[in-house]
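Student: Could you take me through one part of this model in detail, namely the place where the protein meets the DNA, and then show me how the protein chains meet each other?

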Number of protein chains: 2
Amino acid sequence: MTPALSLYQRIAAEMRRDITSGVIKPGDKLPTERQLVERFSVSRDTIRDATAMLINEGLVERVPGRTGGMVVRDRVVVTFHASWAESPGAPVSEADSWITEVRALGLTPTQDFSCRMVTLSSEMAHQLRLTEPGPAVLRRCVRYVNDRPSSIQDTYYPKWLTDLVPDLLSPEDIKIGTTRLLAERGIVQTGYLDTVRARMATPEEAGLLRLGAGTPVLVKTRVACTADRVVRLTVETMAGDGNAIEYEIGGVEPITGAR
Amino acid sequence: MTPALSLYQRIAAEMRRDITSGVIKPGDKLPTERQLVERFSVSRDTIRDATAMLINEGLVERVPGRTGGMVVRDRVVVTFHASWAESPGAPVSEADSWITEVRALGLTPTQDFSCRMVTLSSEMAHQLRLTEPGPAVLRRCVRYVNDRPSSIQDTYYPKWLTDLVPDLLSPEDIKIGTTRLLAERGIVQTGYLDTVRARMATPEEAGLLRLGAGTPVLVKTRVACTADRVVRLTVETMAGDGNAIEYEIGGVEPITGAR
DNA sequence: CAGTGGTCTAGACCACTAC
DNA sequence: TAGTGGTCTAGACCACTGG
């Protein structure tokens, strides 16, 4: 049954066991590569093949420099409550909801806003139900947890909407939340279509989110509409396995009530 | 700005450009490793470092054997419509919904069922709102697209429920769907709490789903309840970037109507 | 400065698989 | 049997970073 693991796979398995069983804990350093060469009596490349597996699985991180080494990662999971906020009557904006969640984990949330004009791809224009590609406003929110980038949220507003609500062009955070701002101007969002996917980070994303090679991203695409029109497209790219998305469907009191 | 890419990174970038720009198309074979050694005048290990990046990004697959080689992957995305089915009044079962989706893409769906008794971990018992770990029935459904494993769906039913509805112990597919079966016995599910995460596949999952190393999985956890009790826990592990999950919140006619 | 990981070489032998 | 990727070795030099 077992397909005869190769040498580096057996070494990886042994180290993986030490990590998952807790012999080596998050934050602990692994032995140096040259120490592992001695311990297992193999070449350094074989050790690097083994540790590359652990890094690809998200268990371990390489830290360069004199006091560096390989460190067992400590992944805290931040949960996005997709069903909670963003309804016009919701008590909090989507951003507030995220900030609350991060603080509840004892971590420090930060956000960076920017705003610029872009030309929509035909793919994006189609998702916004526009007849053809055209200009749009892109509002970007980069979120940090303990100063490490955690997610990039890009929201595209079609030109007809920003003509109606020029406040959307503000390069600053809109305190009350864009959903409530739009509602106050008569644009009430009543429906969302979310699509969630997982894929490997592109090199650009790995740079932006400061991800190690071999880290996945969780991508949530949200198309929002009023009773008769599509008003925005939001693409949220989240770092690796440090984020989760939660959806409630129907009444969940028996589940959440016991918490 | 650019941090001086190393040799293997530059080679990877060049090959990546050929793939994403369409010079090399899905299904096409890359040159052999030894041909690439010649073309770039580097050692084979450097070529392997470069191609390992492409494999980790999910762009390329290695195929062993005489006529093997490195092949550009063609990823078709199957979408799970999480909001559609599973309501007792829904026209189709969750399985039917999936089968329809796969067929619509011109692919062939297959499913394998199995059923066995397991002991719940304390984590799972907590999710089922049981006071302590205990026995449960695990119904597993492995799904294949064109004979390649695509997802593993594990559903755990607590013992009190299988005592009430022994049909759940059937090792065969339940044609009408378990949700409708339970509804006929008076267990009407009215709420779901879904959590979606992305992470790297463990070696076991990579084996089950026949994934190459460095492929992410999309994990959907669904806890379902009736008006007053939690009745099941479903963990669905999906292969890499070949799957997506879709949620509808509120009225989405302006979005879906235009399709 | 000393030690870490990062990169690269030039070989070697193996398992697998279509021809 | 011939050619593919899979594994492994024993070196080498580099960039980076704390003491």
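Tutor: In this predicted model, a side-chain N or O atom of Arg44(B) lies 3.3 Å from a base nitrogen of DNA strand C. Two further side chains approach the phosphates of that strand: Tyr8(B) has an N or O atom 3.0 Å from a phosphate oxygen of DNA strand C, and Arg62(A) places a polar side-chain atom 3.3 Å from a phosphate oxygen of DNA strand C. If you look for the elements that give two or more residues to the surface near the strand, you will find α2 (33-40), α3 (44-56), β1 (60-63) and β2 (69-72) in chain A, along with α1 (7-20) and α3 (44-56) in chain B.

Taken as a whole, the surroundings of DNA strand C comprise 24 residues, of which Arg44(A), Arg62(A), Leu7(B), Ser43(B) and Thr46(B) come nearest. On the DNA side, 65% of the atoms of strand C that come within 4 Å of the protein belong to sugar and phosphate. On the protein side, the residues of this surface divide into 10 charged, nine polar and five nonpolar.

Now turn to the place where the chains touch, to which chain A gives 51 residues and chain B gives 51 residues. Between them the two chains bury about 3,900 Å², with 65% of that area on carbon and sulfur atoms. Within the area that chain A buries against chain B, Leu193(A), Ile249(A) and Ile255(A) supply 17%, which is more than any other three residues. The rule finds zero salt bridges across the interface of chain A and chain B, whereas 11 residue pairs are found in polar contact across it.

Several elements of chain A each supply at least two residues to the side that touches chain B, namely α3, β7 (191-200), β8 (216-225), β10 (243-250) and α9 (253-256). Among these, β7(A) provides the largest share of that side, with 10 residues. Sorted by kind, the residues of the side of chain A that touches chain B are 25 nonpolar, 12 polar and 14 charged.

Strand β7(A) also pairs with a strand of the other chain, β10 (residues 243-250) of chain B, in the antiparallel sense and over seven bridges. To follow one of these pairings by eye, start from Asp194(A) and look across to β10(B), where its bridge partner is Tyr247(B).

Key
Residues numbered from 1 in each chain as written. Chains lettered and ligands numbered in written order. Predicted model: local features only at pLDDT ≥ 70, side-chain atom pairs only at ≥ 80, totals over all residues. Heavy atoms only, no water. Near = heavy atom within 4 Å. Polar contact = N/O pair within 3.5 Å; in protein donor to acceptor, adjacent residues only side chain to side chain. Helix = DSSP H or I, 4+ residues; strand = E, 2+ residues; numbered from the N terminus. Nonpolar A, V, L, I, M, F, W, Y, C, P; charged D, E, K, R; others polar. Contact = heavy atoms within 4.5 Å. Buried area = accessible area lost by both parts, 1.4 Å probe. Salt bridge = Lys/Arg side-chain N within 4 Å of Asp/Glu carboxyl O. Pairing = 2+ DSSP bridges.
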